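Subject: The structure we talked about

Hi there,

Here is the structure I promised to pass on to you. Have a look at it first, and then read my notes below with the viewer open.

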Amino acid sequence: TAIVALLHDMFVVFGVFVILRIPLNGNFIAALLTILGYSINDTVVIYDRIRENSALYGKKQMSLAELVNLSINQSFARSLMTSITTCLALGVVCVISVIYRLDSIYSFAFPLLFGMDVIHGYETVFPIPLALSCSWDMEAIEKSARIAAIESSADGICWTFSPMVDICRDARWGRVSEGNGEDPFLGSAIAQAMIRGYQGKDMSANNEIMACVKHFALYGAGEAGRDYNTVDISDQRLRELYLPPFKAGIDAGVGYVMTSYNRLNGEWAGQNADLIQRILRGELGFRGCVMSDWSSVNDTEKVVKSGQNVEMPGRKEFFGEVRALLKEGRITEKDIEKMIRPNIATSIAFGLYDREKYVPALLEKFPAHKQTGYDVAAEGIVLLRNNGILPLAEGRKILLTGRFTEQIPRTG
């Protein structure tokens, strides 16, 4: 009877995993081991019952027929109770799994998400963002982001650190090529086009990826055009020139905002509570997740309290420092919860936890993207001066040099 009950429970577990399309991996084995434990316990209990009944039979207090019937009934009742308990337990966990859209019914761990700098293409390389902006063609720009999303999602990436929407009016800044120039109107239009291309209509398709506008704020306004340099600026210029593209991105439904490397009014942007809480979340109404740029913050207490949600790349010391600050009473569990909650909420809202990853079928579309890349590049070409070279004379030789004549720069 115990063996039959064990087989029944194993089939129940297998059925649940198949119906919910849960991989038959370690979670499945863990479930079977749990059921096996129940059945071994049942076998011990049933054995004790039969031994007690046999003692009564030995004392002539019941007949052999009564011994057999009682033992079978008790064994069946015990096994049935375990089967019902198992089904109910699995049912409850399955309901919780569906409600919270978790990948595993036996673990409340969160799936690993891959984010990457998919800036201007992935397998198909498009012009740099500054060149794209020269096209003033929002349809072409959106199409370039759509293709980048299709190609990168086929590789398991579900989140890009793009578009960069920093306004820059100082050509000495080294990252001016990654932005859209000096005009906030154009920058705002491009921000929305890129986000539409990356995220699609509602992030329901597995070839759409979550976008991240960066760098909040004033990264392109560093003194003397020096990267990471401090920024001192009036509220008027901040709101008229530098915030509009971020507001446009937020209105387009972007999932993430990345903070910048620079100081603003003496405080690093990535741990600046006034910048993140009052301006980004308060004035601009951003409800998604805020992340720091790579190693751009250094004060753990300020990071936790600032409204930051992801400290990239995740310093080894960070968790130990958080524990120490909590123990000293300098931060609270509520502060930690506020930091963590938007991570989970944003990923659930964008469906990142339960989407299909690594879609080989998308690879078939890549060859057709090359022509689009050529067309978009042609749209953005700007001829500043023609000293007689164009149009090219027939038979004239052109030198192409550099390693990218033979190699494709990955991620654009």
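To get you started: is Arg239 buried, partly exposed or exposed? Arg239 has a relative accessibility of 29%, so this residue counts as partly exposed. The cut-offs behind that answer are under 20% for buried and over 50% for exposed, with partly exposed in between. Please keep in mind as you read that this is a predicted model.

**The whole chain**

The protein chain has 412 residues, and 44% of them are buried. Its secondary structure consists of 13 helices and 7 strands. About 22600 Å² of the chain is exposed, with carbon and sulfur atoms supplying 59% of that area. If you take the contacts with a separation of 6 or more, 73% of them are between residues 24 or more positions apart.

**Salt bridges**

Back to Arg239, which has a charged partner. The side chains of Arg239 and Asp235 meet in a salt bridge, at 3.5 Å from N to O. Both belong to helix H7, and because they are 4 residues apart there, about one helical turn separates them. Asp235 counts as exposed, because its relative accessibility is 51%.

Helix H8 (residues 244–251) offers a similar example to look at. Lys247 and Asp251 both lie in this helix, 4 residues apart, which is about one turn. They form a salt bridge whose closest N and O atoms are 3.3 Å apart. With 32% relative accessibility, Lys247 is partly exposed.

Another pair is Glu283 and Arg278, whose side chains form a salt bridge at 3.2 Å, N to O. Glu283 is partly exposed at 39% relative accessibility, and Arg278 is partly exposed as well, at 40%.

Which residues are linked with Arg239 in a network of salt bridges? They are Asp235, Asp274, Arg278 and Glu283. In total, the structure holds 17 salt bridges.

**Two helices that pack together**

Next, find helix H5 (residues 138–154) and helix H6 (residues 184–199), which pack at an angle of about 35° with their axes 7 Å apart. Their crossing is right-handed. On the H5 side, the residues that make the contact include Met138, Ile141, Ala145 and Ala149. Among those they meet on the H6 side are Leu186, Ala189, Ile190 and Ala193.

Ala193 is a handy landmark for the next stop, Ala252. The two are 59 residues apart in sequence, yet their C-alpha atoms are 8.7 Å apart in space. Ala252 sits in the loop between H8 and strand E4 (256–259). Leaving out residues up to four places away in sequence, Ala252 touches Gln192 and Ile195. Ala252 is partly exposed, because its relative accessible area is 30%.

**Two buried residues**

Where does Tyr242 lie? Tyr242 is in helix H7 (residues 235–242). Its relative accessible area is 9%, so Tyr242 is buried. Apart from residues up to four places away in sequence, Tyr242 touches Ile167, Leu218, Ala221, Ile233 and Arg237. You can also check the spacing between Tyr242 and Phe216: they are 26 residues apart along the chain, and their C-alpha atoms are separated by 9.1 Å.

The other one is Ser347, in helix H12 (residues 333–349). Ser347 counts as buried because its relative accessibility is 2%. With residues up to four places away again not counted, Ser347 touches Leu113, Leu352 and Tyr353.

**A nonpolar patch on the surface**

Finally, which residues form a nonpolar patch on the surface? Leu383, Ile389, Leu390, Leu392, Ile398 and Leu400 do, and together they have about 620 Å² of accessible area. One of them, Leu390, is found in the segment after helix H13 (366–380). At 41% relative accessibility, Leu390 counts as partly exposed.

Enjoy exploring, and write back with any questions!

Best wishes

Notes: Residues are numbered from 1 along each chain as its sequence is written. This is a predicted model: local features need pLDDT of at least 70, side-chain atom pairs count only at pLDDT 80 or more; totals for chains, interfaces and linings use all residues. Side-chain values use heavy atoms; hydrogens and water are left out. Patches are made of residues with over 30% relative accessible area and no salt bridge: like charges are joined within 9 Å, nonpolar side chains (Val, Leu, Ile, Met, Phe, Trp, Tyr) within 5 Å. Accessible areas come from the Shrake-Rupley method with a 1.4 Å probe; for residues, only the protein chains shown count as cover. A salt bridge is a side-chain nitrogen of Lys or Arg within 4 Å of a carboxyl oxygen of Asp or Glu. Helices (H or I, at least four residues) and strands (E, at least two) are DSSP runs, numbered from the N terminus. Buried means under 20% relative accessible area, exposed over 50%, partly exposed in between (1.4 Å probe, protein chains only). Axes are lines fitted to C-alpha atoms, for helices over the stretch in contact, and angles run from 0 to 180 degrees between N-to-C directions. A crossing is left-handed if the near helix is turned anticlockwise from the far one by less than a right angle, and right-handed if clockwise. Contact means heavy atoms within 4.5 Å.
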